[in-house]
Amino acid sequence: MAVYLVTGAAGFIGSHLVDALLERAGGDTVRGLDNLCTGRLSNLSRLASPGAGSVRAGSVLDRIDFREADLRDFDALLSACEGVDCVFHEGALPSVPRSVKEPVPSHTSNIDGTFNLLEAARQMGVKRVVYAASSSAYGNQPGFPRVETMAPQPLSPYAVQKLAGQYYMQAYANVYGMETVSLRYFNIFGPRQVPDSPYSGVMAKFILQILKGERPTIQGDGEQGRDFTYIDNAVQANLLAAAAPAEKVSGRVFNVACGERYTLNQTYAVIARLLGYAEGPLYGPPRPGDVRDSLADISAAREAFGYAPAVGFEEGLQRTIDWYKAEFRRSAAADEDHLNMIEKEWREGKYRGCS
Ligand code: UD1
């Protein structure tokens, strides 16, 4: 029986990982840490599956050791790492544009926070840390698909921050013999991604806008490409990376993606079709720090720990749309789910205005 710590446990990716860890048989202990800045407690209190309408308050929160704490609080991290075998470090302030607009909190959360976590893990004898690195590290260099051996060319503060965390992971493996694995996520999407912040991922944002009857705006010409990756694939990669023999994964970095590129124009068309929306997008200026294209070679993860994406682009989008539709109906209906956790927590000031 192992003890796992998930940082960012109330966030999009972290909460799915918590669910997956709890779903496995075997009586493992799961501890979760989140400062509830962009994470939502409701992510830990209801089911993720499409159409799962019932709010199950406390269903996950009752089963994990959840701690509300910030990655910049070293003492809280020391305590959180006590007795832990493996950390999944998902906690971060995400978003390229956020890091451009507000570089200081991004820097302190993503670089200082990652360093604190790693050092606390070392001091408490944690065996392995699996880290959420980012495909933004590749930047705009030529050569597709992206292979882990390419020299990074980070374009934005966010890309630098995630890369710095990855280098720290590798340094701790080198000099302290800690087992660290960095997973370079390529545009993960799915249920629970925050849809209504200026810094939301594009899939969640477009889906919610269309559901609300607002016309989405594509920033740039829409011909930028992304290797959009459904959340279940990222969860699978984490669980496999946590269990893989150290000699195959420790100190290494792996792309986690689908190995398929879709332009934003194509993505918009699929979302609009699945939602039965006839309007085209608006177009606006491109975003500073935006990467033009992204497509991963995923053979390293396949060879090292058997990663094989199970949910493709369109199926993932359909599941995501189903989930947001159910969410949207709940908040629109304001009946039983007037106790809709999100709204309730919002009214209680749970999110601290960090969006
Ligand atoms: C980047 C990283 C990704 C990381 C994420 C964290 C790359 C290639 N990917 O994602 O690995 O997990 O940061 O936040 O660097 N867009 C619009 N209209 C909108 C919103 C976005 O056109 O309303 C466009 C953006 O300009 C961009 C694309 O959609 O071209 C994707 O944006 P977003 O979902 O924010 O993710 P990335 O910045 O690509």
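**Exercise 1. Determine whether Asn233 is buried or exposed in this predicted model, and find what surrounds it.**

Solution.
- Step 1: The relative accessible area of Asn233 is 0%. Buried means under 20%, so Asn233 is buried.
- Step 2: Asn233 belongs to helix H7.
- Step 3: Neighbours within four places in sequence are set aside, and the contacts of Asn233 are then Val256, Cys258, Tyr307, Pro309, Ala310 and Val311.
- Step 4: Asn233 has company in H7, where the buried residues also include Ile231, Ala234, Val235, Gln236, Ala237, Asn238, Leu239 and Ala241.

**Exercise 2. Check the span of helix H7 against the value expected from its number of residues.**

Solution.
- Step 1: H7 covers residues 231-243, which is 13 residues.
- Step 2: At 1.5 Å a residue, the helix should span 18 Å.
- Step 3: The C-alpha atoms at its ends lie 19 Å apart in the model, in agreement with the expected span.

**Exercise 3. Describe how strand E5 is covered and which strands pair with it.**

Solution.
- Step 1: E5 consists of residues 128-134, and seven of the seven are buried, so the strand is largely enclosed by the rest of the structure.
- Step 2: Sort the residues by face. Arg128, Val130, Ala132 and Ser134 are on one side, Val129, Tyr131 and Ala133 are on the other, and all are buried.
- Step 3: Strand E4 (residues 86-89) runs parallel to E5 and is joined to it by four bridges. In this pairing, Phe88 stands opposite Val130.
- Step 4: Strand E6 (residues 179-185) is also parallel to E5, with seven bridges between them. Here the bridge partner of Tyr131 is Ser182.
- Step 5: To get from E5 to E6, the chain passes through helix H5 (residues 157-176), a right-handed β-α-β crossover.

**Exercise 4. Where in the fold do the partners of the salt bridges Arg31-Asp65 and Arg226-Asp290 lie?**

Solution.
- Step 1: The closest N and O atoms of Arg31 and Asp65 are 3.1 Å apart. Arg31 lies in strand E2 (residues 29-34) and Asp65 in strand E3 (residues 65-68), so the salt bridge ties together parts 34 residues apart in sequence.
- Step 2: Arg31 counts as buried at 11% relative accessibility, whereas Asp65, at 29%, counts as partly exposed. A network of salt bridges links Arg31, Asp65 and Arg67.
- Step 3: For Arg226 and Asp290, the closest N and O atoms are 3.1 Å apart. Arg226 is in strand E9 (residues 225-226) and Asp290 in the loop between strand E13 (282-284) and helix H10 (299-305), so this pair ties together parts 64 residues apart in sequence.
- Step 4: Arg226 is buried, with a relative accessible area of 11%.

**Exercise 5. Why are Arg319 and Glu315 separated by about one helical turn?**

Solution.
- Step 1: Both are in helix H11 (residues 313-333), four residues apart, which means a separation of about one helical turn.
- Step 2: An α-helix has 3.6 residues a turn, so residues three or four places apart point the same way.
- Step 3: The side chains of Arg319 and Glu315 meet in a salt bridge, 2.6 Å from N to O.
- Step 4: Arg319 is partly exposed at 25% relative accessible area, and Glu315 is partly exposed at 40%.

**Exercise 6. Summarise the whole protein in numbers: helices, strands, burial, contacts and salt bridges.**

Solution.
- Step 1: The protein has twelve helices and 13 strands.
- Step 2: Of its 355 residues, 57% are buried. The exposed area is about 14200 Å², with 53% supplied by carbon and sulfur atoms.
- Step 3: Among contacts with a separation of 6 or more, 83% are between residues 24 or more positions apart.
- Step 4: The whole structure holds 17 salt bridges.

Key
Residues are numbered from 1 along each chain as its sequence is written. This is a predicted model: local features need pLDDT of at least 70, side-chain atom pairs count only at pLDDT 80 or more; totals for chains, interfaces and linings use all residues. Side-chain values use heavy atoms; hydrogens and water are left out. Buried means under 20% relative accessible area, exposed over 50%, partly exposed in between (1.4 Å probe, protein chains only). Helices (H or I, at least four residues) and strands (E, at least two) are DSSP runs, numbered from the N terminus. Two strands pair if DSSP finds at least two bridges between them. A crossover is right-handed if, with the strands pointing away from the viewer, the path from the first strand over the helix to the second runs clockwise. The expected span of a helix is 1.5 Å times one less than its number of residues. Contact means heavy atoms within 4.5 Å. Accessible areas come from the Shrake-Rupley method with a 1.4 Å probe; for residues, only the protein chains shown count as cover. A salt bridge is a side-chain nitrogen of Lys or Arg within 4 Å of a carboxyl oxygen of Asp or Glu.
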